[in-house]
Amino acid sequence: MDLLPLFQQLHDSALSEWLRTSLKAMPIVEAIHVMAIVTVFGTIFLVDLRLLGYPHAKRSFSQMHHELLRWTWGAFGLAAVTGVLLLMVNAVTYYRNTALWLKMLVILLAGINMLVFEGVTAKSVASWDKGVTPPTAARLAGALSILLWVTVIFLGRWIGFTKGYDFAIPEDVQFDFSSP
Amino acid sequence: MLEFAEWLGTTPLSVAIQSRLWLTPLLQSIHILMIGVVFVSILVVALRVLGRMRADEPFPEVWHRFAPWFWSALVVMLATGIVLTLGEPAREAHALSFWIKMSLVVVGTLSAAYFGRTVAAAAGHGTTEFSGGARLIAVATVAVWLAIIFLGRAIAYDVEVWGSWHLG
């Protein structure tokens, strides 16, 4: 599947043009993206820690899951929307950015980890919900989730240093590190 | 101050940071992870003050659960922030966003400490019901940390964000 025509279309859209020329739009969109992703990471991290049995909490897994997940999904939606906006601005260049595709891949892996956990491991939640140490499969899902989301944040930052909003960098340069 | 920052940028330590090209993205990533811990800790504590999360748990328990994470992540955030600033002192010193951000970090930290004091006071009275003032401070603290995140990103766009106010 060749996605380049789609990326070209995104790049040529009026919204993309407006984002490129408006002085204040980009810092605002980027800042909202950071606010959203730190909320995604922080809330997931709390649930993952609970899966790992930390702290030796009185709070059940399903309580934490219930109260935090709406924040995670709300922030994830915001991160996705602002992420697409950031992508549009320089879509054709991002299309060739390895860090960006790696980041998408790792988000996909985090999603699969979540689906496996929700679909298989969490089915038996009643038997370990209040226990200090959840079963191995649950702890594994928690550890994997932390690892994958930390990687997402690192790769996200790496995109900015390999190909960001700086049009002066030639497209074929892979690791330039000179832009913010 | 700007001259000092420019001199700082020529010191061996700053040059050493600048010349290790992988260091800045690495430290920035850790910096962002830490603000995730700081922000969500503050968010949960604030939501508890408003009675919107963990309302079944006494406030001191919620505070003692999150305070160590808040303070440790804050320390790592400050440490990575200091090294990042040493790596490009002139860029930071020239950015109005940087100075406002630093002021707000002080406000956001004092504001978090206020909740810690509230716990001690409440433990004495055996109550953890919060006044309108405390609720307002909870909302304001979350807003201050959101502003800190915004300003952190805005350092790279000082002219665009501040127009004629930027420090040049």
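**Figure 1. Contacts of Phe41(A) in the predicted model**. Leaving aside neighbours within four places in sequence, Phe41(A) is in contact with Trp149(A) and Ile153(A) of its chain, and with Leu33(B) and Gly36(B) of chain B. Phe41(A) also belongs to the largest nonpolar core, which has 79 residues. Within that core, Phe41(A), Val38(A), Val38(B), Ile42(B), Val45(B) and Ile149(B) touch the most other members. Helix α3 of chain B, residues 23-49, gives the most to this core, with 16 residues. In soluble globular proteins, nonpolar side chains tend to be buried together.

**Figure 2. Packing of α3(A) and α8(A)**. The axes of α3(A) and α8(A) lie 8 Å apart, and the two helices pack at an angle of about 160°. Because angles over 145 degrees count as roughly antiparallel, α3(A) is roughly antiparallel to α8(A). The crossing of α3(A) past α8(A) is left-handed. On the side of α3(A), the residues that meet α8(A) are Ile37(A), Phe41(A), Ile44(A), Phe45(A), Asp48(A) and Leu51(A). Their counterparts in α8(A) are Ala138(A), Arg139(A), Ala141(A), Gly142(A), Ser145(A), Ile146(A), Trp149(A), Ile153(A) and Gly156(A). By class, ten residues of the contact of α3(A) with α8(A) are nonpolar, three are polar and two are charged.

**Figure 3. The side of chain A that touches chain B**. The contact between the chains takes 25 residues from chain A and 22 residues from chain B. In chain A, the elements that give two or more residues to the side touching chain B are α3 (25-51) and α8 (136-162). The most comes from α3(A), with 13 residues. This side of chain A has 18 nonpolar, three polar and four charged residues.

**Figure 4. Crossing of α3(A) and α3(B)**. The axes of α3(A) and α3(B) come within 8 Å and cross at roughly 70°. Because angles of 65 to 115 degrees count as roughly perpendicular, α3(A) is roughly perpendicular to α3(B). From α3(A), the contact is made by Val34(A), Val38(A), Thr39(A), Phe41(A), Gly42(A), Thr43(A), Phe45(A) and Leu46(A). From α3(B), the contact is made by Ile32(B), Leu33(B), Ile35(B), Gly36(B), Val37(B), Phe39(B) and Val40(B). The residues of the contact of α3(A) with α3(B) comprise eleven nonpolar, four polar and no charged.

**Figure 5. Packing of α3(A) against α7(B)**. With axes 9 Å apart, α3(A) and helix α7 of chain B, residues 132-154, pack at an angle of about 130°. This angle makes α3(A) oblique to α7(B). The crossing in which α3(A) passes α7(B) is right-handed. The contact involves Pro27(A), Glu30(A), Ala31(A), Val34(A), Met35(A) and Val38(A) of α3(A). On the other helix, α7(B), the contact is made by Leu146(B), Ile149(B), Phe150(B), Arg153(B) and Ala154(B). Nine residues of the contact of α3(A) with α7(B) are nonpolar, no residues are polar and two are charged.

**Figure 6. Surroundings of Leu136(B) in helix α7 of chain B**. Leu136(B) has 12 other C-beta atoms within 10 Å and is therefore exposed, the cut-off for an exposed residue being 12 or fewer. The C-alpha atoms of Leu136(B) and Leu50(B) are separated by 9.0 Å. Along the chain, these two residues are 86 residues apart.

**Figure 7. Surroundings of Ala95(B) in the loop between α5 and α6 of chain B**. The loop that holds Ala95(B) joins α5 (89-93) and α6 (96-125). Ala95(B) is buried because 23 other C-beta atoms lie within 10 Å, where 20 or more are required. Not counting residues up to four places away in sequence, Ala95(B) touches Ile155(B), Asp158(B) and Leu167(B). Although Ala95(B) and Ile155(B) are 60 residues apart along the chain, their C-alpha atoms are separated by 5.8 Å.

**Figure 8. Helices of chain A**. Chain A has eight helices and zero strands. Of its 180 residues, 37% count as buried. Among the contacts in chain A with a separation of 6 or more, 77% are between residues 24 or more positions apart.

Key. Residues are numbered from 1 along each chain as its sequence is written. Chains are lettered from A and ligands numbered from 1 in the order in which they are written. This is a predicted model: local features need pLDDT of at least 70, side-chain atom pairs count only at pLDDT 80 or more; totals for chains, interfaces and linings use all residues. Two residues are in contact if their C-beta atoms, placed from the backbone, lie within 7 Å. Helices (H or I, at least four residues) and strands (E, at least two) are DSSP runs, numbered from the N terminus. Ala, Val, Leu, Ile, Met, Phe, Trp, Tyr, Cys and Pro count as nonpolar, Asp, Glu, Lys and Arg as charged, and the others, Gly among them, as polar. A nonpolar core is a set of buried Ala, Val, Leu, Ile, Met, Phe, Trp, Tyr and Cys residues joined through C-beta atoms within 7 Å. Axes are lines fitted to C-alpha atoms, for helices over the stretch in contact, and angles run from 0 to 180 degrees between N-to-C directions. Angles under 35 degrees count as roughly parallel, over 145 as roughly antiparallel, 65 to 115 as roughly perpendicular and the rest as oblique. A crossing is left-handed if the near helix is turned anticlockwise from the far one by less than a right angle, and right-handed if clockwise.
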